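Biologist: Before I rely on the terms used for this model, I would like to hear how each one is justified. Could we go through them with the structure in view?

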Amino acid sequence: MVYLAILTLHNLMRWVTLVAAIWALYRAYRGWFGRRPWTPADQRAGRWFALALSLQLLIGGVFYCLPDSVAQLAWTNLNVVMREPSLRFFVVEHSVQMFVALSLTHLGSALARRGRQDADRHRRAALLFSVSLLIAFAAIPWPWTPHERPLVRLGWKW
Ligand code: HEM
């Protein structure tokens with residue numbers, strides 16, 4: 001029950017994360033190509049994106065402690081996990097790729113803050129957030145990928 005509730009939360013938070021990413025990217029590219037000044041709203045957009053990814057990391061980390069999660073196998077049966085593509089995807093590939101995406105988002109936010117000119121700030125945010133979103137997007141278990149999971153999970157259904 002707890003497991004399903006957390007899985008549902010992780011599933012739905014995916015949409016919050018993607019919306020935050022698109023908003024941060026929109027502001028960064030608009031600022032870069034529109035030669036706009038860097039504003040606190042631009043900084044906030046990047047922070048929301050990083051925050052949403054960080055929450056996903058937190059929830060994802062909980063899976064490694066829950067007995068019903070496939071991630072639990074990481075502690076007991078790593079050999080089996082590495083040989084089975086679907087298990088390997090969730091336990092290793094998905095988690096590592098998301099961690100890289102999160103690091104790039106924090107880096108983008110920090111570098112943008114330190115840029116000397118507004119154009120540099122927008123450019124740094126735009127480039128690093130773009131790579132981060134691409135990596136995160138590719139690591140999501142979309143229904144059309146081999147490791148398919150539902151687009152929207154409702155807590156009481158598997
Ligand atoms: C480093 C951060 C993350 C870790 C460690 C992590 C870990 C996991 C694990 C272990 C699962 C499988 C759970 C299970 O079936 O028992 C999972 C599923 C999933 N993750 Fe993540 N995750 C992370 C970040 C993200 C992010 C950033 C997104 C999307 C923006 C995301 C989207 C999903 C989705 C959609 C599922 C399938 C949920 C479902 O079955 O309904 N994850 N994650």
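Biologist: Why are α5 and α6 called roughly antiparallel to each other?
Modeller: The axes of α5 and helix α6 (residues 118-139) come within 8 Å and cross at roughly 170°. Axes are lines fitted to C-alpha atoms, for helices over the stretch in contact, and angles run from 0 to 180 degrees between N-to-C directions; angles over 145 degrees count as roughly antiparallel, and α5 and α6 are therefore given that name. The model is predicted, local features need pLDDT of at least 70 and side-chain atom pairs 80 or more, while totals for chains, interfaces and linings use all residues. Residues are numbered from 1 along each chain, and side-chain values use heavy atoms, without hydrogens and water.

Biologist: What makes the link between H94 and the ligand a polar contact?
Modeller: A polar side-chain atom of H94 lies 2.8 Å from a nitrogen atom of the ligand, and a polar contact is a pair of N or O atoms within 3.5 Å. By that cut-off the side chain of N11 also qualifies, with an N or O atom 2.7 Å from a ligand oxygen, as does that of R153 at 2.6 Å from an oxygen atom of the ligand.

Biologist: Which residues surrounding the ligand are the closest?
Modeller: Of the 24 residues that surround the ligand, the closest are Y3, H10, H94, R149 and R153, where a residue counts as near if one of its heavy atoms lies within 4 Å. α1 gives the most to this shell, with six residues.

Terms used
Polar contact = N/O pair within 3.5 Å; in protein donor to acceptor, adjacent residues only side chain to side chain. Helix = DSSP H or I, 4+ residues; strand = E, 2+ residues; numbered from the N terminus. Parallel < 35°, antiparallel > 145°, perpendicular 65-115°, else oblique.
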